Amino acid sequence: MNKKEKPNILLLTTDTQRCDTLRCMGSTFAISPHLDRLASEGVLFNNAHTASPVCSPARSSLMTGLHTPIHGCIENGIDRKSGHSTFPDLLREQGYVNIMVGKTHFGEQPASFDIVREVKGEKSAASLSGLGSIPDHLHLDAYLIDTAIEEMEACRQAGEGPFFTFCSLLSPHSPLDPPGDWATLFDATPLPPIDYQPGDLENLPLHARRLLGFIGKETELEARLATPEALQEMEQKRRLYYGMTAFIDAQIGRLLDYLDQTGLRENTLILFTSDHGTQLFDHGFDDKHNYLDATWRVPFIMSMPGTLPSGKVCDFAIWTDIAATILAAAGTYSRYVQGLDLFTPLMQGLDSPRRCAVGTLYKSAAIATRRWKLEYYVEEQTGRLYDRLNDSSERNNLYDDPQYDRVKQELLVALLTWRADLMDLQMMEESQRGGGPVAKRIKPYSLAKSGMEVEMRLSLKAEAIDLASSVK
């Protein structure tokens, strides 16, 4: 594939966006015409998950294609290890102009970005919230869309390229500041009831309560949830949240219109997703740092009309697949990446090769198949097992139910085998010293499987477990 044949690539991400913000993902109340259009003109993944349900770990996995135990960023405020290649590094080798616009939050900035229009600090410091209602075009996310268009147009006018543009929006992360009429858009729209039952906070895994700062406060927090003031606050925040996602959809629509009007669309691969969701008071709290579906599962759409199918719905994808997919579209590959190439099979008319989601969070790991979700907490030596088909609210923990012991053990072995297979292949391959005799013996064995092969091994095992559970 020569330089002129390589597609442009646009990666669009939001921050903290739930799946129920998109009509194309089954929401009955969301306002998302432009993302719905993108899905109708591309491929929608209805079981996409982030690599880790926390901002910086997820974004570090995005850039490196590595899971959190390998790149080292296991929580916000903990930098990922230096020295790992990022996918923009390999895109530059393929002749790409790399453009970064918006929020990074993935640690060290790759030197392979040619143009950087980064937003530093938190959204509240950079936005115009607090100044009262503002027109749409003065909102920070509208500015980021304008900036992405400006930089892509400069490339087009200069005849440069192909380009890779990472447009990283800040919303709907708090503060929720939809401009103008977007702030009242959902005032008259009945939203589904909050999925909360008394006792939900106490029933969260100890691991999650520790990360969320709930230990010893569960009773106090539960009591506050029952007050009229809390209910009013929750309802208002939810209305603002969905108004914010509707505004973001409109901004993305402007970017899609630009690609159509300039003739760039047919040779541009577009990927849209979000770093994680949020509970938005389902299960009694508004945060991430957990494996509940509202947080771990994310929107994910790929579109390139004429190259990828239109209106196709696939099952699984995870955030480490993004690096593998973008590299494949650019005509290259990294054996270090712990993700699956989704571009090539979809281009060939096949389904996603991924058959499960897998991720990590601090001292835990989790796997989700079509039917099952298993969470394992290493320090507590216990876990959670949910039947995803029959318990959408994830309240009936089957982990200690003898009836499900076989499927629990199979999932646990698959998950822990995957975790044991995770290796820092780049560090191991680039090591010149070779180490002692044992290190020399395990090096070729460890390097025998690429990151992609480790993910495929897990996917095949997950598919077998589902088939044994009569999931077709």
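In which helix does Glu455 lie? In this predicted model, Glu455 belongs to helix α16, which covers residues 451-468.

## Glu455 and its surroundings

Glu455 has a relative accessibility of 0% and therefore counts as buried. Its contacts, apart from neighbours within four places in sequence, are His67, Ile318, Gln338, Gly339, Leu340, Arg354, Val358, Trp418 and Leu422.

Two of these contacts, Ile318 and Val358, lead to the sheets described below. Strand β8 spans residues 312-318, and strand β9 spans residues 357-360. A further contact of Glu455 is Trp418; helix α13 comprises residues 405-421.

## The eight-stranded sheet

One open sheet is built from eight strands in the order β4-β3-β5-β1-β6-β7-β2-β8, and its pairing is mixed. Strands β4 (115-118) and β8 (312-318) form the edges, each pairing on one side only. On average, neighbouring strands in this sheet are turned by 15 degrees against each other, with direction ignored.

Within the sheet, β3 (residues 97-102) and β5 (residues 163-168) are paired in the parallel sense over six bridges. In this pair, Gly102 is found opposite Ser168 of β5. Helix α1 (residues 33-40) packs on the sheet and touches β2 (43-49), β6 (268-274) and β7 (300-303). The direction of α1 makes about 55 degrees with that of β7. Helix α9 lies across β1 (8-14) and β6, and runs at about 175 degrees to β1.

## The four-stranded sheet

A second open sheet has four strands, ordered β9-β10-β11-β12, with antiparallel pairing. Strands β9 (357-360) and β12 (382-387) are at the edges; each has a single partner strand, so one side of each lacks a neighbour in the sheet. The average turn between neighbouring strands here is 10 degrees, direction ignored. Helix α13 (residues 405-421) packs on this sheet and touches β9, β10, β11 and β12. Its direction makes about 60 degrees with that of β11.

## Strand β11 and its hairpins

How many bridges join strand β10 to strand β11? Five bridges connect β10 (residues 364-368) with β11 (residues 372-377), and the two strands run antiparallel. Ser364 stands opposite Tyr377, and Ala366 stands opposite Glu375. The hairpin that joins β10 to β11 passes through three residues.

On its other pairing, β11 is joined to β12 by six bridges, again in an antiparallel arrangement. Here Tyr376 stands opposite Gly383 of β12. These two strands form a hairpin with four residues between them, and Gln381 in the turn has a positive phi of about 55 degrees.

Strand β11 is mostly covered, with six of its six residues buried. Trp372, Leu374 and Tyr376 point one way from the strand, whereas Lys373, Glu375 and Tyr377 point the other way. The buried residues of β11 thus include the charged side chains of Lys373 and Glu375.

## The largest pocket

The largest pocket holds about 730 Å³ of space. Its lining comprises 29 residues, of which Arg18, Asp293, Ala294, Arg297 and Ser392 are the closest to the centre. The elements that contribute two or more residues to this lining are α9 (228-261), α10 (293-296) and β12. The pocket is therefore lined in part by elements already met above: α9 lies across β1 and β6, and β12 is an edge strand of the four-stranded sheet.

By class, the lining of the pocket consists of ten nonpolar, seven polar and twelve charged residues.

## The enclosed cavity

How many cavities of 30 Å³ or more are there? The count comes to one, and the largest cavity has a volume of about 60 Å³. This cavity is lined by Thr64, Leu66, His84, Ser85, Thr86, Phe87, Leu90, Ser334, Tyr336, Val337 and Gln426. The lining has five nonpolar, six polar and no charged residues.

## A buried loop residue

Asp177 is located in the loop between β5 and α7 (206-212). Its relative accessible area is 11%, and because burial is defined as under 20%, Asp177 counts as buried. Asp177 and Leu416 are 239 residues apart in sequence, and their C-alpha atoms are 42 Å apart in space.

Methods. Residues are numbered from 1 along each chain as its sequence is written. This is a predicted model: local features need pLDDT of at least 70, side-chain atom pairs count only at pLDDT 80 or more; totals for chains, interfaces and linings use all residues. Side-chain values use heavy atoms; hydrogens and water are left out. Two strands pair if DSSP finds at least two bridges between them. Axes are lines fitted to C-alpha atoms, for helices over the stretch in contact, and angles run from 0 to 180 degrees between N-to-C directions. Contact means heavy atoms within 4.5 Å. Buried means under 20% relative accessible area, exposed over 50%, partly exposed in between (1.4 Å probe, protein chains only). On a 1 Å grid over the protein atoms alone, a cavity is a set of points where a 1.4 Å probe fits but cannot get out, and a pocket is an open set with protein on both sides within 12 Å along at least five of seven lines; lining residues have an atom within 4 Å of a point. Grid points are joined across faces, edges and corners, and a volume is the space filled by probe spheres set on the points.
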